[in-house]
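Work through the exercises below with the sequence and the structure at hand. Try each task before reading its solution.

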Amino acid sequence: MMVEAGQSAAAEYDLVVIGAGIAGLNALYSATDYLVRGARVLLVDQKDAAGGMWNTVYDYVRLHQPHPMFTVGNLPWDWDKPRDYLATGAEVQRHLASALGPAGERVALETRFGHTVSTCREVETGDGPRAEVTLHPNGRPGEAQTLQARRAIHAAGVNYRPADPLPLESARVVSVIPQALRAALAAHPGVPVYVVGGGKTGMDTVLAALTQDPGRRITLLNGRGTIFMNRTKYLPVGLKRWTSGEPVSRVLRDMALSFDGENDDAVLERFRARYSSDPESRNELYLYGLQSEDEMAQVRDGLAAEIRDYLAGVEDGPHGPQMVLRSGKTLPVPAGSIFVNCTGSYFRAEDMAEERTVLSPRDCVLSVTTRDGFHPLTSVSGFFLTHLLYRGLLRGRGFYTIDLERMFRKDRKAIVGVAAAQATMNQLLALQTLPLELLTRCGLDLDLWYPLPRRLVGLVRMKAAARADIDHCRRALDRVAVRTGVHCAPLM
Ligand SMILES: Cc1cc2nc3c(=O)[nH]c(=O)nc-3n(C[C@H](O)[C@H](O)[C@H](O)COP(=O)(O)OP(=O)(O)OC[C@H]3O[C@@H](n4cnc5c(N)ncnc54)[C@H](O)[C@@H]3O)c2cc1C
């Protein structure tokens with residue numbers, strides 16, 4: 001049963017979920033396994049619809065992973081496109097939003113879109129501990145309402161925010177964000193395009209500009225540069241699914257076991273040489289993006305130039321506009337050039353996301369965030385944290401939570417080994433803690449790409465080495481915690 005934007009009279013819910021991105025939807029979907037039929041559940045989001053960032057991301061975005069494993073629980077996609085089809089942003093949004101249907105069949109689900117939650121905390125009441133949630137219609141804090149619930153799941157997740165155009169001093173160039181790329185290309189034919197940032201958004205932007213206008217001169221400002229996992233090799237298609245590649249959990253395990261808590265450079269080199277789409281590149285960041293060999297070649301062949309430096313600004317010089325680079329160099333740019341801000345969606349804002357512990361003292365409020373993260377993917381966190389919480393199996397089992405945002409800001413290289421160690425260890429602990437039947441219902445598992453026999457072999461190998469692997473990851477993560485001073489510890 002689903003109630004549209006209900007303003008309910010009574011204010012006690014069984015569960016309030018804040019955030020209708022893939023993290024919150026996985027949390028909601030998982031929670032319905034434990035709530036009684038007809039339980040009162042409220043889903044709140046600032047946006048006008050479910051789907052989180054996929055509502056506001058640039059229109060030429062595509063998943064960089066196979067779509068079947070970008071889902072809510074084990075919800076299948078309602079189509080029969082090839083498994084390797086890379087869904088568009090709009091398709092992803094529609095699929096995620098479709099999860100509200102099945103969730104609403106299990107519980108009495110109310111949705112409150114266009115609302116901002118200002119506080120979500122645990123309080124003591126005469127009836128025991130409760131979650132207290134204060135929310136208001138966007139932009140109207142004077143109309144705040146406070147609700148109580150047996151539990152709340154605060155699933156802000158990565159909370160993607162579209163960037164602003166780069167503030168460029170010169171008025172003779174055009175500064176846009178990816179959301180405005182297509183319009184800018186149409187409005188300014190023939191002028192060069194400068195893509196600022198070489199991550200997933202930058203790669204998408206180069207390809208989108210080349211597709212819309214193959215003759216365009218495109219320059220990539222690539223700073224330290226980003227490396228990507230090789231999708232052609234590790235998510236192979238056709239018969240190769242049987243004969244080549246490796247389940248992603250094995251790749252993560254290899255990375256985790258090569259990490260000793262201090263050897264960030266060696267781990268990055270290992271990833272580059274073995275798993276990246278471009279082993280020759282000298283790029284230094286890895287943010288769990290995927291790229292096919294074809295995409296990599298298209299970008300390389302389509303670029304007129306690549307600058308290994310950061311853009312500090314564009315100013316009007318004596319001979320026209322000129323780029324000022326962080327190294328101090330200046331380079332002339334043709335008047336009218338388009339600069340696209342692809343400098344990164346995550347962990348780049350001046351302020352960090354709100355600090356929230358994963359679990360409140362009496363277990364009423366669960367937070368799925370990157371500040372006390374359970375897994376590098378917030379989708380996976382939403383699924384596992386919720387099942388573990390409702391089963392009372394979250395504390396004292398050795399699961400590590402990490403302030404992934406602070407870690408990234410402190411040491412962008414460390415995050416590679418840290419994320420692999422955390423993902424590997426928490427997955428092994430979940431395997432030991434939760435029934436296998438439940439684990440098979442996690443449709444987010446990228447290993448599902450491979451045929452069942454290969455997965456079963458992987459599972460046996462995983463279980464056989466679990467103890468030693470967990471010990472290794474724990475030692476590495478403990479060392480990281482001491483070395484960096486960033487929160488990285490078992491959940492007690
Ligand atoms: C360009 C791009 C491509 C990507 N492609 C992939 C991919 O192929 N595969 C993959 O696994 N990952 C991909 N990612 C990572 C992606 O961000 C995550 O996979 C995922 O969609 C993030 O979901 P989320 O729920 O954590 O965050 P979001 O989608 O940002 O959702 C958080 C939601 O919480 C709401 N919210 C937050 N705070 C409040 C509040 N106080 N009150 C009310 N509502 C609130 C927000 O409005 C938002 O809707 C990509 C990221 C980017 C930027």
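**Exercise 1. A salt bridge across 72 residues**

Is Asp411 buried, partly exposed or exposed, going by its relative accessibility?

Solution. The model is a predicted one.
Step 1. The relative accessibility of Asp411 is 22%.
Step 2. Buried means under 20%, and exposed means over 50%.
Step 3. Asp411 therefore counts as partly exposed, at 22%.
Step 4. Asp411 forms a salt bridge with Arg483, and their closest N and O atoms are 3.6 Å apart.
Step 5. Asp411 sits in the loop between α12 (404–410) and α13 (414–433), while Arg483 belongs to helix α16 (residues 466–484); the pair links distant parts of the chain, 72 residues apart.
Step 6. Arg483 counts as partly exposed because its relative accessibility is 33%.

**Exercise 2. Two further salt bridges**

Describe the salt bridges of Arg121 and Glu269, and place the residues along the chain.

Solution.
Step 1. The structure holds 32 salt bridges.
Step 2. In one of them, Arg121 pairs with Glu132, with 2.8 Å between the closest N and O atoms.
Step 3. Arg121 is in strand β5 and Glu132 in strand β6, 11 residues apart.
Step 4. With a relative accessible area of 46%, Arg121 is partly exposed, whereas Glu132, at 15%, is buried.
Step 5. Glu269 forms a salt bridge with Arg282, where the closest N and O atoms are 3.7 Å apart.
Step 6. Glu269 lies in helix α9 (residues 264–275) and Arg282 in the loop between α9 and β12 (285–291), so this salt bridge ties together parts that are 13 residues apart in sequence.
Step 7. Glu269 has a relative accessible area of 33% and is partly exposed.

**Exercise 3. Around strand β6**

Compare the surroundings of Asp127, His136 and Ala144.

Solution.
Step 1. Asp127 is found in the loop between β5 (115–125) and β6 (128–137).
Step 2. Asp127 counts as exposed because its relative accessibility is 63%.
Step 3. Asp127 and Arg150 are 23 residues apart along the chain, with 10.0 Å between their C-alpha atoms.
Step 4. His136 is in strand β6, and His136 is buried, with a relative accessible area of 10%.
Step 5. Leaving aside neighbours within four places in sequence, the contacts of His136 include Gly114, His115, Ser118 and Ala144.
Step 6. Ala144 is in the loop between β6 and β7 (145–157), and Ala144 counts as partly exposed at 43% relative accessibility.
Step 7. Ala144 and Ser118 are 26 residues apart in sequence, and their C-alpha atoms are 8.8 Å apart in space.

**Exercise 4. Where two domains meet**

Which residues of domain 1 lose the most area to domain 2?

Solution.
Step 1. The domain assignment gives domain 1 (2–161 + 350–394) and domain 2 (163–225 + 283–344).
Step 2. In contact are 12 residues of domain 1 and 14 residues of domain 2.
Step 3. About 1100 Å² is buried between domain 1 and domain 2, and carbon and sulfur atoms give 53% of this area.
Step 4. Tyr58, Tyr60 and His64 lose the most area in domain 1, together 65% of what that side buries.
Step 5. Between domain 1 and domain 2 the count is 1 salt bridge and 9 residue pairs in polar contact.
Step 6. By class, the side of domain 1 that touches domain 2 has 6 nonpolar, 3 polar and 3 charged residues.

Methods
Residues numbered from 1 in each chain as written. Predicted model: local features only at pLDDT ≥ 70, side-chain atom pairs only at ≥ 80, totals over all residues. Heavy atoms only, no water. Helix = DSSP H or I, 4+ residues; strand = E, 2+ residues; numbered from the N terminus. Buried < 20%, exposed > 50% of the residue type's maximum accessible area, 1.4 Å probe, protein only. Domains from an automatic or database assignment. Contact = heavy atoms within 4.5 Å. Buried area = accessible area lost by both parts, 1.4 Å probe. Salt bridge = Lys/Arg side-chain N within 4 Å of Asp/Glu carboxyl O. Polar contact = N/O pair within 3.5 Å; in protein donor to acceptor, adjacent residues only side chain to side chain. Nonpolar A, V, L, I, M, F, W, Y, C, P; charged D, E, K, R; others polar.
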